[in-house]
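Trainee: I'd like a close look at one part of this model, the part where the backbone pairs up. Take me through it slowly, then go on to a few residues elsewhere that deserve a look.

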Amino acid sequence: NEQKDTGSFYTPRQIVEYMVDQSLIEYFKTKTRIEESKLSAIVSYDLTDDADHPLLDDEKQDLISAIESLKILDPACGSGAYPIGALQKIVYILQQIDPDCKLWLEKKLKGVPELYKQKIINEVKQNPFDYTRKLDVIKNSIFGVDIQPVAVDVSRLRCFLTLVVESEIDDAKPNRGIEPLPNLDFKFVCANT
């Protein structure tokens, strides 16, 4: 642990958050032409710096495109702190740049056959935006490997739980309105990296 000026140590959560932030900033710098000060502002949980460094509409579109092609692999995922931290940060960024999911939906629908377009639109309308965002990031961007089977199971469980908390319960619907969770067997695997 690094020592702060106050003499106290950073918590593991703060270390993971710092690693996630720096990784995303570096990734966005390679995939967009957005100034680093704007990237730092959008990645931080502090909303005051967002007002000081507002994003243009085309920059928001660039970020959504970059997130769409993002792949994160934690080669020693353990309990899944880094992948879940990255998931939460990506969802937070999407909440800030696209609160109504319009830009994300436009990006998703490009080049998709007409029959499948309606399925995507229905999924977005039927589920909370954060559920849809998290599910998409988990399906397309997050991967983990660990040598210990229990660590892989814990990482998968954390992904499931982060989706369940976003689900809306409706007792009138089959299965109380909860969608089946994705198969994460190929997202988090037990192996020696």
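Mentor: Let's settle a term before we start: two strands pair if DSSP finds at least two bridges between them. Also keep in mind that this is a predicted model.

With that in hand, go to β1 and β2. Three bridges join β1 to β2, residues 142-146, and the two run parallel. To see one of those partners, pick Asp74: its bridge partner in β2 is Gly144. As a general point, strands of a sheet pair through backbone hydrogen bonds, either parallel or antiparallel.

Now zoom out a little. The sheet is an open one with three strands, ordered β1-β2-β3, and its pairing is parallel. β1 (72-74) and β3 (188-190) sit at the edges with a single partner strand each, so one side of each has no neighbour in the sheet. From one strand to the next, the twist averages 15 degrees. Helix α9, residues 149-164, packs on this sheet and touches β2 and β3; its direction makes about 170 degrees with that of β3. While you're here, look at Phe143: Lys187 lies over the face of its ring, 3.7 Å from the ring centre.

Next, follow the chain out of the sheet. Ile147 is in the loop between β2 and α9. Is Ile147 buried or exposed? Its relative accessible area is 53%, so it counts as exposed, the cut-off being over 50%. Still, Ile147 has company: leaving out residues up to four places away in sequence, it touches Cys190, Ala191 and Asn192. There's also Thr193, 46 residues apart from Ile147 along the chain, with 7.5 Å between the two C-alpha atoms. Further along, in the loop between α9 and β3, you'll find Asn175. Asn175 is not a glycine, yet its phi is positive, near 55 degrees. This residue is exposed as well, at 57% relative accessible area.

Now for a buried spot. Arg133 belongs to helix α8, residues 129-140. Its relative accessible area is 3%, and since buried means under 20%, Arg133 is buried. What does the side chain of Arg133 have beside it? One of its polar atoms lies 2.5 Å from the backbone oxygen of Asp98. Setting aside neighbours within four places in sequence, the contacts of Arg133 are Val91, Leu94, Gln95, Asp98, Pro99, Asp100 and Cys101. Pause on Cys101, which is in the loop between α5 and α6 (102-109). Cys101 has a relative accessible area of 2%, so it is buried too. Its phi is near 65 degrees, another positive value in a residue other than glycine.

Last stop, the aromatics. The structure holds two aromatic pairs. One of them is Tyr45 with Tyr92, edge-to-face, with 4.7 Å centre to centre and 65 degrees between the planes. This pair links distant parts of the chain, 47 residues apart: Tyr45 comes from the loop between α2 (36-43) and α3 (48-52), and Tyr92 from helix α5, residues 81-97. Tyr92 is buried at 9% relative accessible area, whereas Tyr45 is partly exposed at 39%. Tyr45 also has a charge over its ring: Lys89 lies over the face, 3.5 Å from the ring centre.

How values were computed: Residues are numbered from 1 along each chain as its sequence is written. This is a predicted model: local features need pLDDT of at least 70, side-chain atom pairs count only at pLDDT 80 or more; totals for chains, interfaces and linings use all residues. Side-chain values use heavy atoms; hydrogens and water are left out. Helices (H or I, at least four residues) and strands (E, at least two) are DSSP runs, numbered from the N terminus. Axes are lines fitted to C-alpha atoms, for helices over the stretch in contact, and angles run from 0 to 180 degrees between N-to-C directions. Contact means heavy atoms within 4.5 Å. Buried means under 20% relative accessible area, exposed over 50%, partly exposed in between (1.4 Å probe, protein chains only). A polar contact is a pair of N or O atoms within 3.5 Å; within protein, one must be able to donate a hydrogen and the other to accept it, and residues adjacent in sequence count only if both atoms are side-chain atoms. Rings of Phe, Tyr and Trp (its six-membered ring) pair if their centres lie within 6.5 Å; planes under 30 degrees apart count as stacked, over 60 as edge-to-face and the rest as tilted. A charge sits over a ring if NZ of Lys or CZ of Arg is within 6 Å of the ring centre and within 35 degrees of the ring normal.
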